[in-house]
Every structure is written in structure tokens, then in C-alpha cells.
Amino acid sequence: MARRRRAAIQLNSPQRKALEYLMLIVGSLVLATSFNLFLNPNQIASGGVSGLSTILHNLFGFSPAIVQWACNIPLFLLGLKILDRHYSLKAAVGSIILPLCVMMTSHLQPLTTNPLLASIYGGIGVGLGIGIVFRGRGSTGGFAIASQILHKYSGLSLGACVAVFDGLVILFAGIVFDPEKALFALIALFVTSKTIDIVQMGWNTSKVAYIISNEIETLRETILYDLDRGLTLLDAAGGYTGDERKVLMAVVSQSEVSKLKIMVRSVDPDAFIILCPAQEVLGEGFRAG
């Protein structure tokens, strides 16, 4: 029997922890660079403490990094007390590192003065940075903690609480700047969320196939040995007849979908095939996670 391969870096090993802190720093640096190259100079406050720092910078000339420290650290301490949970050292480090990276990159000159380009590329950069931090099981603090506090006492979903704080920041930006800047901020926020999803889960290139057929054994061998894909046999029963039967479930890459359909049709032209997008696939034959 083949031995299961061990992960290159164990989950709680010192090497893994060092890698996670490195990802926290790199992600914060990417986020801060995008903030200073695109969002802040174009007055695009796309939610969060960074968006609030953009507004206060333009209103009163406050340094964005100082504003972020002034918000992040008290929010972290408040969350530590009110939420009655153990906040990791990484959350505390993130609350300090991100404003430091913003300060270190504050000398960078904006790459564009076009607000649409700034909102798109700024959103991509911020999403990339946050996604890297999340992949390292880290946090940059800020209104994420305030959202959890509101979630605890209001009964609103966590997603709704995040939307409340981001919405308030964008609304404030629309009042301070102009409504058009608020619309650009919404674009940046949308692009950021989609970029985070891509960094977290990758491009969706796999499909889950469910196959219902009277030639299950032949199809099983065809998929296992001709397509060289693993599969699972699921117990099922016909909804009309009540007859017991097996359903084949297999995960294939996008490039293998056509080949799978041809193979199934060649074995059983009457087979019923259901193809569903696989949000994320980890394991042998796919990405390692």
C-alpha cells in the first residue's frame, strides 16, 4: 500500500510559522504600496481603516500611517477585551506592520491620476496583499475587529457588519470629496473582494462530474485507467422507481471535460452527466494547498 506523502512544511512547524509571518509582511507591503500608488493620491477611500485614513489625510493633513496606528491598536485591545478570545500574535503584528509599510512607501509617486484606473489597479493590489496575508493565516486588524464586535452585540451576520463599516467609510468619502469618488471606491472594493477570492482559492479550472449510468463498472474502469483520474462511488436511489444504484463522482480539470464526456458517451450514450464548478480542489493530481 502506498504511503501517504507528507506535506513539505508541517502546519505548526517553526518553518511554517516563519513562512506565515513572512507572508504577513509581504502582503502588508503589497497592500501599502497599492494604497500609496493608486488609492490615497486619487482620494479613493474603499472602506476600512485605510479608507478612513485617506479621508482624514485630505481633510486635516494627518499622516495615513499615524491614523491607521491610532485606529488599529485601540481596536485590537478593545477586541481582545470585549470579544473574550485569544487573539494571535500575528493579529497584533499585523496592526503594527501595515501602517509601518504605509509609512515606508509614502514617498512613492502615483502611477496614474485617472480615478478609474486607480480604483481598478488599487483594488487589485489591495486584494492581492490581503489575500497573501490571509493565506498566511494572518490579519491586518482594523475594522475587521470592529465588525466582529458589532456582530456579537447586534445579531447581524459578520458579512453585513463588514459591509456596514465599509459603507460608512465610502458614504463619508462621498460627502467629503464628491459622490463620483464614492462610486470609484465601490469599484475598488468590488475588485479587491474578487482578487482576494482568486488569491485564496485560485482560478476555477476544475469540474466535479456526477455520472448516472447502467454501465457503472465499465465507466469506473474507463475513468480510472484511460482518463487516469480517481473517483468515488456514491450510493443513490431512483426518485421514481426507488431502485438502488451507484453514482460516479470524479473531479477533472477543465481541459479534461471534453475527453470525459466523449468517454462516457462511447460507453453509455444514455448516461446522465452533471458537471459542476469546483471552487477549490486540493490533493494528489491537483494543487497542494
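Visitor: In which helix is Ile-170 found?
Guide: This is a predicted model. Here Ile-170 sits within residues 158-176. That stretch is helix H7.

Visitor: Does Ile-170 count as buried or exposed?
Guide: The relative accessibility of Ile-170 is 6%. The cut-off for buried is under 20%. Ile-170 therefore counts as buried.

Visitor: Which residues does Ile-170 touch, not counting residues up to four places away in sequence?
Guide: Ala-45, Ser-46 and Gly-47 are among them. The others are Ala-182, Ala-185, Leu-186 and Leu-189.

Visitor: How far apart in space are Ile-170 and Gly-51, C-alpha to C-alpha?
Guide: In sequence, 119 residues separate Ile-170 and Gly-51. In space, their C-alpha atoms are separated by 7.7 Å.

Visitor: How are H7 and H8 oriented, roughly parallel or roughly antiparallel?
Guide: The axes of H7 and H8 cross at roughly 150 degrees and come within 7 Å. Angles over 145 degrees count as roughly antiparallel. So H7 is, relative to H8, roughly antiparallel.

Visitor: Which residues of H7 make the contact with H8?
Guide: On the H8 side, the contact uses Pro-179, Ala-182, Ala-185, Leu-186 and Leu-189. The residues of this contact divide into 6 nonpolar, 1 polar and 1 charged. From H7 come Asp-166, Ile-170 and Gly-174.

Visitor: At what angle do H1 and H5 pack?
Guide: H1 covers residues 14-39, and H5 covers residues 115-135. Their axes lie 7 Å apart. The packing angle is about 165 degrees.

Visitor: Why is H1 described as roughly antiparallel to H5?
Guide: The angle between H1 and H5 is about 165 degrees. Angles over 145 degrees get that description. H1 is therefore, with respect to H5, roughly antiparallel.

Visitor: Is the crossing of H1 and H5 left-handed or right-handed?
Guide: The residues of the contact of H1 with H5 divide into 14 nonpolar, 8 polar and 2 charged. As H1 passes H5, the crossing is left-handed.

Visitor: Which helix gives the most residues to the largest nonpolar core?
Guide: This core has 22 residues, and Leu-39, Ile-44 and Val-102 have the most contacts inside it. The elements giving two or more residues are H1, H3 (64-82), H4 (89-104), H5 and H8 (179-201). With 6 residues, the top contributor is H1.

Visitor: Which residues does Val-102 touch, not counting residues up to four places away in sequence?
Guide: Val-102 is one of the core residues with the most contacts inside the core. Its partners include Ala-32, Phe-35 and Asn-36. The list also holds Pro-64, Ala-65 and Gln-68.

Methods: Residues are numbered from 1 along each chain as its sequence is written. This is a predicted model: local features need pLDDT of at least 70, side-chain atom pairs count only at pLDDT 80 or more; totals for chains, interfaces and linings use all residues. Side-chain values use heavy atoms; hydrogens and water are left out. Axes are lines fitted to C-alpha atoms, for helices over the stretch in contact, and angles run from 0 to 180 degrees between N-to-C directions. Helices (H or I, at least four residues) and strands (E, at least two) are DSSP runs, numbered from the N terminus. Angles under 35 degrees count as roughly parallel, over 145 as roughly antiparallel, 65 to 115 as roughly perpendicular and the rest as oblique. A crossing is left-handed if the near helix is turned anticlockwise from the far one by less than a right angle, and right-handed if clockwise. Ala, Val, Leu, Ile, Met, Phe, Trp, Tyr, Cys and Pro count as nonpolar, Asp, Glu, Lys and Arg as charged, and the others, Gly among them, as polar. A nonpolar core is a set of buried Ala, Val, Leu, Ile, Met, Phe, Trp, Tyr and Cys residues joined through side-chain atoms within 4.5 Å. Buried means under 20% relative accessible area, exposed over 50%, partly exposed in between (1.4 Å probe, protein chains only). Contact means heavy atoms within 4.5 Å.
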